[in-house]
Amino acid sequence: MPRLPPLALLAALAACERPLPVTRGVPPAAAASLERWLAGADWAVPAPGPPPAVNVRFRALGAEVYRVRCTPCHGVNGNGRGPQAARLAIPARDFTTGVYELRSTPSGTLPTDEDLYRTVSRGLHGTAMLPWGWLTELERRAVVEHVKGFSSRFEEEEPGVPVAVPPEPEATPELAPRGAAAYVAAGCPKCHGPRGDGDGPSAATLKRDGGAPIRPRPFSDGRFLRGGSLPDLWLTLSTGLDGTPMPSYETLSPDDLWAIPAHVRALAGARAPPLPPDPEERRGYEIDVRGR
């Protein structure tokens, strides 16, 4: 009897095992949390456990989660050209480039697996990317591994070293006013506008990598891609958003790196959930949850 090649043998063994289950629909408890997210709340993400073994069953699970949850927007090949992509005002991420906006790592470097896991779990406010925090940890880990497979960068490079977020400063009355001055000095109004409405003089000319137009996030709507806490905003300011015109401001003084987020939060006002519906988030809900 001829011996099977190693990959064929592995596939044959996997075929004999019951495939790992994929969550279907939205559990009732998750539906309530999702509605809160759609109203502006952040999705809490507990720290994941130890990384699972990357084997055939794990990879098969990731491929199936991706097929069920991600292909409508990101496409079968991960290039952001899924059947529903044309409906999105904010383009779906092209995973083939290996470039990611939200990282804990320096600009220009790959994100860590934990960065990708957190994005999958929390979603991206103001976009059609919903939080998939109701999927099992294993499913989210598996789909992260599958997404990494669309870019050779993850085979050729190591992730960047995460930036250490320093302790949050005391919320003194001077912090936000200092941030207002630093906001102007750093040139933020050119894109984000003086009041953070995304209407600066350069806003109409901004484009993503690949040429798609991009509007700076309007702080006044109370929604932020990564989250609206001071540490979240500090990390965005420090690492930048790769693939967009938002650079890293890591060279700012440590005091200004905290003060500008305080000012941005002040521009957002005291808005707390529930916030008015965001059309792009609702579009993602229609596509990914209601299937239409």
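**Entry 1: charges over rings.** I began with Arg-282, which lies over the face of Tyr-285, at 5.9 Å from the ring centre. I note that the model I am reading is predicted. I then looked up Arg-141 and found this residue over the face of Tyr-117, 5.5 Å from the ring centre.

**Entry 2: aromatic pairs.** I searched the whole structure and obtained nine aromatic pairs. For Tyr-66 and Phe-150, I read ring centres 5.1 Å apart and planes at 50°. I recorded this pair as tilted, because edge-to-face requires planes over 60 degrees apart and stacked requires under 30. The two residues are 84 apart in the chain, with Tyr-66 in helix H3 (residues 56-69) and Phe-150 in the loop between helix H6 (137-148) and helix H7 (153-156). I also checked Tyr-66 for exposure: Tyr-66 is buried, at a relative accessible area of 2%.

I next took Tyr-100 and Phe-154, whose ring centres are 6.2 Å apart with planes at 65°, so I entered the pair as edge-to-face. Tyr-100 belongs to the loop between helix H4 (71-74) and H5, and Phe-154 to helix H7, so the pair ties together parts 54 residues apart in sequence. I found both Tyr-100 and Phe-154 buried. Ring pairs join Tyr-66, Phe-95, Tyr-100, Phe-150 and Phe-154 into a cluster.

**Entry 3: second largest pocket.** I read a volume of about 310 Å³ for the second largest pocket. Its lining has 19 residues, and those closest to the centre are Ser-104, Asp-115, Arg-118, Arg-226 and Leu-235. Which helix gives the most to this lining? I found that H5 does, with five residues. Helix H5 (113-122) and helix H10 (230-239) each supply at least two. By class, I noted eight nonpolar, four polar and seven charged lining residues.

Key:
Residues numbered from 1 in each chain as written. Predicted model: local features only at pLDDT ≥ 70, side-chain atom pairs only at ≥ 80, totals over all residues. Heavy atoms only, no water. 1 Å grid on protein atoms, 1.4 Å probe; cavity = no way out; pocket = protein on both sides within 12 Å on 5 of 7 lines; lining within 4 Å. Points joined across faces, edges and corners; volume = space filled by probe spheres on them. Helix = DSSP H or I, 4+ residues; strand = E, 2+ residues; numbered from the N terminus. Nonpolar A, V, L, I, M, F, W, Y, C, P; charged D, E, K, R; others polar. Phe/Tyr/Trp six-rings, centres within 6.5 Å; stacked < 30°, edge-to-face > 60°. Buried < 20%, exposed > 50% of the residue type's maximum accessible area, 1.4 Å probe, protein only. Lys NZ or Arg CZ within 6 Å of the ring centre and 35° of its normal.
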